[in-house]
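Please look over the sequence and the model below, with attention to overall fold, nonpolar packing and one pocket.

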Amino acid sequence: MEETKYKYGVRYFSRTGHTKQIAEAMAEELGCEAVPTSERIRGYTDTLFLGGAIYASKLDPSILGFITRLDRKHVGKIILFGDAAIGDPCKKMRKALMDKDMLAETETFLCKGNFKFIAAGHPNADDLEKAKAFARKWISE
């Protein structure tokens, strides 16, 4: 049986719903579904958008578990995105991928993430439009 192939995929982990909002905006632009990292990749995805956030200065174990289970034979490009009030989750995801000898594209998407009083109201409509524009740049015809 032939393996199912997808042009684009969006996977994310979100405790607060902020990263989910970004993932859904990107997926809408790409014409695919945003799926939580709790679901494994089935088939092959040409371009995988992988998103997360920082919680108490670390990535959540769920996103790290997804990266640990990720098999390079199931993905082509990996593009990182995230949100954080402080720090950069893309750098932490990149390191986790590198620990598996997997590389992600150098360009990432990062927006402010709301935490208590820091960056209140983010991601906002402008952030989501920027996320869509970022995803659009990766669409190949």
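**Overall fold**

The chain's secondary structure comprises four helices and six strands, where helices (H or I, at least four residues) and strands (E, at least two) are DSSP runs numbered from the N terminus. This is a predicted model, in which local features need pLDDT of at least 70 and side-chain atom pairs count only at pLDDT 80 or more, while totals for chains, interfaces and linings use all residues. Residues are numbered from 1 along each chain as its sequence is written, and side-chain values use heavy atoms, with hydrogens and water left out.

- From the N terminus, the order of elements is β-α-β-β-β-α-β-α-β-α.
- Along its principal axes, the C-alpha trace spans about 50 × 30 × 25 Å.
- Of the 141 residues, 47% count as buried, meaning under 20% relative accessible area with a 1.4 Å probe and protein chains only.

**Nonpolar cores**

- The largest nonpolar core (buried Ala, Val, Leu, Ile, Met, Phe, Trp, Tyr and Cys residues joined through side-chain atoms within 4.5 Å) has 20 residues, and L70, I78, L80, M93 and L97 have the most contacts inside it.
- At least two residues of this core come from each of β3 (44–55), α2 (61–69), β5 (75–84) and α3 (89–98).
- A second, separate core of 18 residues includes I22, F49, F109 and A131.
- Beyond its neighbours within four places in sequence, L80 is in contact (heavy atoms within 4.5 Å) with residues including L50, M93, L97 and F109.

Definitions and conventions:
Buried < 20%, exposed > 50% of the residue type's maximum accessible area, 1.4 Å probe, protein only.
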